[in-house]
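Biologist: Please take one part of this model and go through it closely. I would like the five-stranded sheet, what packs on it and the space beside it.

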Amino acid sequence: MTFLYKADPVRGAAWAELMGRAMPEMPFRIWPDIGDPLAVRFLAAWQPPVDLGTQFPHLEILFATGAGTDHFDFSAIPPSLPVVRMVESGIVQGMVEYVTLAVLSQHRDWRTYQEQQRAQTWQSHRVYPAASRRVGVLGLGTLGRAVLEQLRSFGFPCAGWSRSPQQLNGVECHHGAEGLQALLARTDILICLLPLTDSTRGILCQRLFDQLPRGATVINVGRGGHLVQDDLLRALDAGQIGNAVLDVCDPEPLPPGHPFWTHPKVVLTPHIASMTQPETAVEAVVENLRRYRQGLPMVGLVDRSLGY
């Protein structure tokens with residue numbers, strides 16, 4: 001009964017050490033050293049092999065090494081095989097840190113002061129309280145909830161939107177098409193933390209931007225496929241969107257010469273908002289293996305009908 005890891009080999013070495021301590025009875029292998037394919041019962045992968053079903057006929061669980069599975073080709077994954085996305089505290093903490101940094105830098109006009117420093121200009125601007133800056137989060141999963149909890153502690157009026165009704169203490173919750181319209185109308189800083197599905201692809205488009213207050217900020221830490229890039233560029237140049245913080249793009253990396261590289265109103269980072277941490281990732285996997293053996297529902301189990 002082998003556990004196989006197919007992702008970054010450096011992190012794989014850390015996984016091997018940690019899994020060896022937590023589950024010494026289970027052989028652990030790192031791709032491409034798969035050993036006996038018939039013995040592989042569990043696979044953790046960023047990108048599963050295309051012949052997954054035939055190469056590992058006794059596979060019981062496919063673990064994603066990232067928080068999303070939108071890059072998986074589910075048509076090549078046996079329908080009966082459970083797929084579990086990574087839900088671990090390291091990913092959550094990293095995302096909370098990044099989004100907090102992005103929101104506070106926009107709220108406190110950091111870009112303006114950086115520009116003034118380069119121009120050797122000493123000029124103060126009015127400081128507005130957090131209570132005057134309304135934050136809205138698209139997506140109320142584990143990451144969205146954690147981000148809202150942190151931002152609420154600063155005093156930002158917080159709201160969230162999801163596909164189905166949710167309730168969060170101190171957060172104005174919306175859902176469905178009418179709910180999205182209501183959320184956008186009251187949001188000065190919009191954060192996208194949605195999973196990428198057929199229904200959310202391209203959601204950050206001109207129609208959405210036009211429903212935000214003029215000069216709003218857009219922060220995309222979901223997936224590059226959520227954003228219609230030309231629509232954002234038009235909205236930025238027209239002043240409808242004041243600034244954008246983008247940690248994800250499509251494609252990644254962006255090609256040389258893409259307008260996002262040099263646009264004065266865009267902050268661009270290379271998909272580093274949050275990363276899976278080996279220590280907490282292995283803890284999450286071991287806990288899910290324990291739950292699986294006890295017949296309990298696993299945390300992060302993907303509902304293929306929803307796409308996440």
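What follows is a walk through that sheet and its surroundings.

Modeller: This is a predicted model; local features need pLDDT of at least 70, side-chain atom pairs count only at pLDDT 80 or more, and totals for chains, interfaces and linings use all residues. Residues are numbered from 1 along each chain as its sequence is written, and side-chain values use heavy atoms, with hydrogens and water left out.

Start with the strand order. Five strands make an open sheet, arranged E2-E1-E3-E4-E5, with parallel pairing. Helices (H or I, at least four residues) and strands (E, at least two) are DSSP runs, numbered from the N terminus. Two strands pair if DSSP finds at least two bridges between them. Strands of a sheet pair through backbone hydrogen bonds, either parallel or antiparallel. The edges are E2 (28–30) and E5 (83–84); each of these pairs on one side only.

Now the E1 side. Strand E1 covers residues 2–6 and runs parallel to E2, joined to it by three bridges. Within this pairing, leucine 4 sits opposite arginine 29 of E2. Helix H1 (residues 9–22) packs on the sheet and touches E1, E2 and strand E3 (40–45). Contact here means heavy atoms within 4.5 Å. The direction of H1 makes about 175° with that of E2. For such angles, axes are lines fitted to C-alpha atoms, for helices over the stretch in contact, and values run from 0 to 180 degrees between N-to-C directions.

An aromatic pair also links E1 with H1. The search of the whole structure finds nine aromatic pairs. One of them joins phenylalanine 3 and tryptophan 15; this pair is tilted, at 6.5 Å centre to centre and 40° between the planes. Phenylalanine 3 belongs to strand E1 and tryptophan 15 to helix H1, twelve residues apart. Rings of Phe, Tyr and Trp (its six-membered ring) pair if their centres lie within 6.5 Å; planes under 30 degrees apart count as stacked, over 60 as edge-to-face and the rest as tilted.

Past E2 there is a backbone feature. The loop between E2 and E3 holds proline 32. The peptide bond from tryptophan 31 to proline 32 is cis, with omega near 10°.

A second helix packs on this sheet. H10 (residues 278–293) touches E1, E3, strand E4 (61–64) and E5. Its direction makes about 155° with that of E4.

H10 also helps line a cavity. The whole structure has one cavity of 30 Å³ or more. About 40 Å³ of space lies in the largest cavity. On a 1 Å grid over the protein atoms alone, a cavity is a set of points where a 1.4 Å probe fits but cannot get out; lining residues have an atom within 4 Å of a point. Grid points are joined across faces, edges and corners, and a volume is the space filled by probe spheres set on the points.

The lining consists of Phe63, Ala64, Val84, Arg85, Met86, Val87, Ala284, Val285 and Asn288. E4 and H10 each supply at least two of these residues. H10 gives the most, with three. By class, seven lining residues are nonpolar, one is polar and one is charged. Here Ala, Val, Leu, Ile, Met, Phe, Trp, Tyr, Cys and Pro count as nonpolar, Asp, Glu, Lys and Arg as charged, and the others, Gly among them, as polar.

Terms used: 1 Å grid on protein atoms, 1.4 Å probe; cavity = no way out; pocket = protein on both sides within 12 Å on 5 of 7 lines; lining within 4 Å.
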